[in-house]
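Q: I'd like a close look at one part of this model, with the geometry spelled out. Once that part is clear, please work outwards and tell me what else is worth a look, and how far to trust it.

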Amino acid sequence: MLPEAIWRLKCSDRDSVVMSHRTIHLFRKGLWLHDNPTLLGALACSAALFPVYVLDRTFLEGAMGLGPLRWRFILQSLEDLDARLRALGSRLYVLRGSTAAVLNDLVTRWGVTQISYDTEVEPYYACMEREIQALAQERGLQTYTHVSHTLYDVKRIVKANGGSPPLTYKKFLQVLSVLGEPEEPVRDVSAEDFLRCSPPAEPLHEQTYRVPSPADLGLELDSEVLWPGGETHALQRLHKHFQSQGWVANFSKARTVPNSLLPSTTGLSPYLSLGCLSVRTFYHRLRSVCAQSKNHSLPPVSLQGQVLWREFFYTVASATPNFTKMQGNPICLQIDWYHDPEALEKWRTAQTGFPWIDAIMTQLRQEGWIHHLARHAVACFLTRGDLWISWEEGMKVFEELLLDADYSVNAGNWMWLSASAFFHKYTRIFCPVRFGRRTDPQGQYVRKYLPVLKNFPSQYIYEPWKAPEDVQLSAGCIIGKDYPRPMVCHTEASQRNLGLMRQVRTEQQNTAELTRDVADDPMEAGLKRELQEEEELLEGAEQHGTSKRFSGDADHKSRPWTPETLQLSGEVM
């Protein structure tokens, strides 16, 4: 990371007088003041600096698919950022409108000579950056930018791999071994930095530039706040988890519980994906802990390994056209998914008739978070497991509802779980009954999120349609009336879909091989004990007295999971 002296030199190269700029620092995803090299660099060469956030509702709800819970999280994060800036003698200026139009107006109003912002990899941010560069050229402005949301500048990784992204985790780690460790975090921004370049106060600025409330935006939210937004909460949560260094060093995502009533992971993913916590800060804290422990867990299931999986998907997404789509995506299998809006709506609104699946989707809608294995279960059910509906549709739902929704990670994991890319043990299908029962046989998770079923005996809680009529009456829930019957026969649907997937992968073998490691899949390390029961691929195999397996026993090391950092959309730890 560039020290402040070099930043000053760079600024003086652009403009012969050090600290001469009047700068707008544009906050986008990086809503934090720790490890913020872009902000530090801008402060070092500015006589006045205006911290700005443009609330472009069309952009945020269109390109980023923001739903109400993420809106609330971002507004809370902006409130926290404003408070932290005020503590340093500055403040946050929040304006509504399109970014280009707002910046153009502010350049004139404030006499701005420079715009600084973090570099991002998403196509919609790249488009925004082109607009900023065009504005800068038109108005004769300087721009200053730096990478902050990833461990590395992903362009360096692509360049080190010969100009194309490494498409397997194994190859990705080989490239990183050449590049070396990620740069260390920079120092925190201080009051002294702002003392040198605080902007003049404007009349009525409190009303003009304040952070809007959810009510101001017409958002109706009555759910409990489980993850308050903001850098302050992110750092508090980080500190809390690192107090138990043994837990951190020995963390293994495979041992976390998908249907625990409280998160069995760190719950830091919303803060990483929505820009309240620096990934470099997190990574180097982990590295320090692991360096002090002789028996720490290893990648890919360790916390450090999970952060690198996040970086892997960011890198692939940055250099893969149409990464969030099937068509035009060169690494994604082209599959003739069913178009079934009614079935999609049942899945989205927790009306599938499978309590384990519906409980997960209910928690998602109410809280904006679900465990990574729960994400896997509902994703497999929607796509290759039961409904054969496109992963793009599921990705959009997660994008709207998940607090930790993340462009690169969300799409990468949906391709993974639908076996469209990256994942190749496609014969391994999640059972929507047995998977939940294995870790929560009493069904406490189902009873919490589906109270209509709370009075069913445990033997029927995952399959209430099998309960006798008198049991249903006693439970106060008649299946088919008060709670839906299963929308598909899992055994039949999964066998049919398995045949379809086998055919697709045979016909498109060259595409399938693009993202496949030639060596053992590193995702499979150390998971056999935890997942032994899931080796029974289809629920119906045992029920019909057969031993149906859709790939040989020698191929069944363990079920590979998507990285915990990713949680099918970004859920880290």
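A: What follows starts with one helix, moves to the loops around it, and then takes in the pocket, the cavity and the confidence values.

Let's begin with helix 18, and keep in mind that this is a predicted model. Helix 18 covers residues 372-385, and its end C-alpha atoms are only 17 Å apart. If those 14 residues formed a straight helix at 1.5 Å a residue, the span would be 20 Å. The axis of helix 18 also has a kink of about 30 degrees, and Ala379 is at the centre of that kink. As for the surroundings, 14 of the 14 residues of helix 18 are buried, so the rest of the structure largely encloses it.

What does helix 18 have for company? One residue to pick out is Pro432, whose C-alpha atom is 7.0 Å from that of Ala377 although 55 residues along the chain separate the two. Ala377 falls within the 372-385 range of helix 18. Pro432 itself belongs to the loop between helix 20 (407-417) and helix 21 (434-439). Its relative accessibility is 3%, so against a cut-off of 20% Pro432 counts as buried. Leaving out residues up to four places away in sequence, Pro432 touches Phe381, along with Phe354, Trp356, Ile357 and His490. Phe381 is again within the residue range of helix 18.

The loops in this part of the chain hold a couple of backbone oddities. Trp388 is found in the loop between helix 18 and helix 19 (391-401). Its phi is positive, about 55 degrees, although Trp388 is not a glycine. Trp388 is buried too, with 2% relative accessible area. Ala419 makes a good companion to it, as another residue other than glycine with a positive phi, here near 60 degrees. Ala419 sits in the loop between helix 20 and helix 21, the loop that also holds Pro432. With a relative accessible area of 0%, Ala419 is buried.

Now for the empty space. The largest pocket has a volume of about 460 Å³. Among its 26 lining residues, Glu120, Val121, Glu122, Ala126 and Ser318 are the closest to the centre. Helix 6 (123-139), helix 7 (154-160) and helix 15 (303-318) each give at least two residues to that lining. Glu120 deserves a closer look: the loop between strand 4 (114-119) and helix 6 is where it lies. Glu120 has 6% relative accessibility and counts as buried. Setting aside residues up to four places away, the residues Glu120 touches are Arg28, Lys29, Tyr125, Glu129 and His149.

Two of those contacts lead straight to the largest cavity, which has a volume of about 160 Å³. Of its 16 lining residues, Arg28 and Tyr125 are among the closest to the centre, together with Tyr53, Phe59 and Leu60. Strand 1 (21-27), strand 2 (46-55), helix 3 (57-62) and helix 6 each supply at least two of the lining residues, which puts helix 6 in the lining of the cavity and of the largest pocket. Over the whole structure, a search turns up six cavities of 30 Å³ or more.

For contrast with the buried residues so far, take Arg86 in helix 4 (residues 68-87). Arg86 is partly exposed, at 35% relative accessibility. Beyond four places in sequence, its contacts are Arg91 and Glu206. The C-alpha atom of Arg86 is 9.4 Å from that of Ala191, 105 residues apart along the chain.

Stepping back, the protein has 26 helices and five strands. Of its 573 residues, 58% count as buried. Of the contacts between residues at least 6 apart in sequence, 80% join residues at least 24 apart.

Finally, how far to trust all this? Mean pLDDT for the protein is 84, with 79% of residues reaching 70 or more. By element, helix 16 (residues 341-348) has the highest mean, 98, and helix 26 (residues 539-543) the lowest, 36. Residues 246-255 have pLDDT below 50, and the model gives this stretch 41 contacts beyond near neighbours in sequence. Residues 519-573 stay under 50 as well, with 182 contacts beyond four places in sequence.

Technical notes. Residues are numbered from 1 along each chain as its sequence is written. This is a predicted model: local features need pLDDT of at least 70, side-chain atom pairs count only at pLDDT 80 or more; totals for chains, interfaces and linings use all residues. Side-chain values use heavy atoms; hydrogens and water are left out. Helices (H or I, at least four residues) and strands (E, at least two) are DSSP runs, numbered from the N terminus. The expected span of a helix is 1.5 Å times one less than its number of residues. The bend at a residue is the angle between axes fitted to the seven residues ending there and the seven starting there. Buried means under 20% relative accessible area, exposed over 50%, partly exposed in between (1.4 Å probe, protein chains only). pLDDT is the predictor's confidence in each residue, from 0 to 100. Contact means heavy atoms within 4.5 Å. On a 1 Å grid over the protein atoms alone, a cavity is a set of points where a 1.4 Å probe fits but cannot get out, and a pocket is an open set with protein on both sides within 12 Å along at least five of seven lines; lining residues have an atom within 4 Å of a point. Grid points are joined across faces, edges and corners, and a volume is the space filled by probe spheres set on the points.
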